[in-house]
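Here are a few short exercises to work through with the model open in your viewer. Try each task yourself before you read its solution.

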Amino acid sequence: MNTQPLENDDAGPEGRNRNLQLIQVGSSQFGIFANEISAIVPWQEPTPLPHAPSSVLGVVSIQGRMLTVLDLATLLSTDPITSNDSRTSPAQLIALRGDEQLALVTEALGDLVQPSDDSMKNRETDSPAVLGVIQHEGREVRVLNLKGLFPAALQGRQRRKRQF
């Protein structure tokens, strides 16, 4: 499998001035802190999960890890990648670091940018998956909160628990 290597881009012990990897999903742009990305791989069709929310496309194996694939467009109410045939098809999967074992589908990778500390504007949002918003080349970029992605995907659903 062809994976794109990523650099550790923290600037200083606090990790301030971290680089953001911009991604295109539908008509929206999102930013993910580069140090929160494990790998970027070519698109592979996820195996569907029964009774999953519409924003969960299924699971894939990336670098020996089983990851749950989320469609940000469905999750954050933009144009879903999988529902409109006239749109660009998925191009990559972005494997994320962290305990939730998530991957995101994207249509295109954008620039790697370094926002200034004061450029991110916190804005009222209904989603715990968005930290704030920056402006890049005249476009609004929503910066993702990776700890809020999975709870946002499962919003209104209970996790199944094993019964003994």
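**Exercise 1. Find which residues of the largest nonpolar core touch the most other members, and trace the elements that build this core.**

Step 1. This is a predicted model, and its largest nonpolar core has 25 residues. Within that core, Ile32, Leu72, Leu96 and Leu149 touch the most other members.

Step 2. Now look at the suppliers. At least two residues each come from strand 1 (20-25), strand 2 (28-33), strand 3 (37-42), helix 1 (72-75), strand 6 (92-96), strand 7 (102-106) and helix 2 (146-153).

Step 3. Helix 2 contributes the most, with five residues.

Step 4. Pick Ile32 and list its contacts, skipping neighbours within four places in sequence. Among them are Leu20, Ile23, Ile37, Ile94, Leu96, Leu104, Leu144 and Leu146, and also the residues Asn19 and Gln21.

Step 5. Keep a second core apart from this one: it is separate, has eleven residues, and includes Val60, Val69, Leu93 and Ala103.

**Exercise 2. Decide whether Ser55 is buried or exposed, and name what surrounds it.**

Step 1. Locate Ser55: it sits in the loop between strand 3 and strand 4 (56-62).

Step 2. Apply the cut-off. Buried means under 20% relative accessible area, and Ser55 has 5% relative accessibility, so Ser55 counts as buried.

Step 3. Leave out residues up to four places away in sequence. Ser55 then touches Val69, Leu70, Asp71, Thr74, Leu75 and Ala153.

**Exercise 3. Describe the surroundings of strand 9 and how it pairs.**

Step 1. Strand 9 covers residues 130-136, and five of its seven residues are buried, so the rest of the structure largely encloses this strand.

Step 2. Its partner is strand 10 (residues 139-144), in an antiparallel arrangement over six bridges. As one example, Gly132 is bridged to Val143 in strand 10.

Step 3. The two strands, 9 and 10, make a hairpin with two residues between them. In that turn, Glu137 has a positive phi of about 50°.

**Exercise 4. Look for ring interactions.**

Step 1. Search for aromatic pairs: the structure holds zero.

Step 2. Next, check for charges over rings. Arg18 lies over the face of Phe33, at 3.7 Å from the ring centre.

**Exercise 5. Summarise the whole chain.**

Step 1. Count the elements: two helices and ten strands. Their order from the N terminus is β-β-β-β-β-α-β-β-β-β-β-α.

Step 2. Of the 164 residues, 46% are buried.

Step 3. Turn to the surface: about 9,600 Å² is exposed, with carbon and sulfur atoms supplying 44% of it.

Terms used:
Residues numbered from 1 in each chain as written. Predicted model: local features only at pLDDT ≥ 70, side-chain atom pairs only at ≥ 80, totals over all residues. Heavy atoms only, no water. Phe/Tyr/Trp six-rings, centres within 6.5 Å; stacked < 30°, edge-to-face > 60°. Lys NZ or Arg CZ within 6 Å of the ring centre and 35° of its normal. Core = buried A, V, L, I, M, F, W, Y, C linked by side-chain atoms within 4.5 Å. Buried < 20%, exposed > 50% of the residue type's maximum accessible area, 1.4 Å probe, protein only. Helix = DSSP H or I, 4+ residues; strand = E, 2+ residues; numbered from the N terminus. Contact = heavy atoms within 4.5 Å. Pairing = 2+ DSSP bridges. Areas by Shrake-Rupley, 256 points an atom, 1.4 Å probe, with all protein chains shown as cover.
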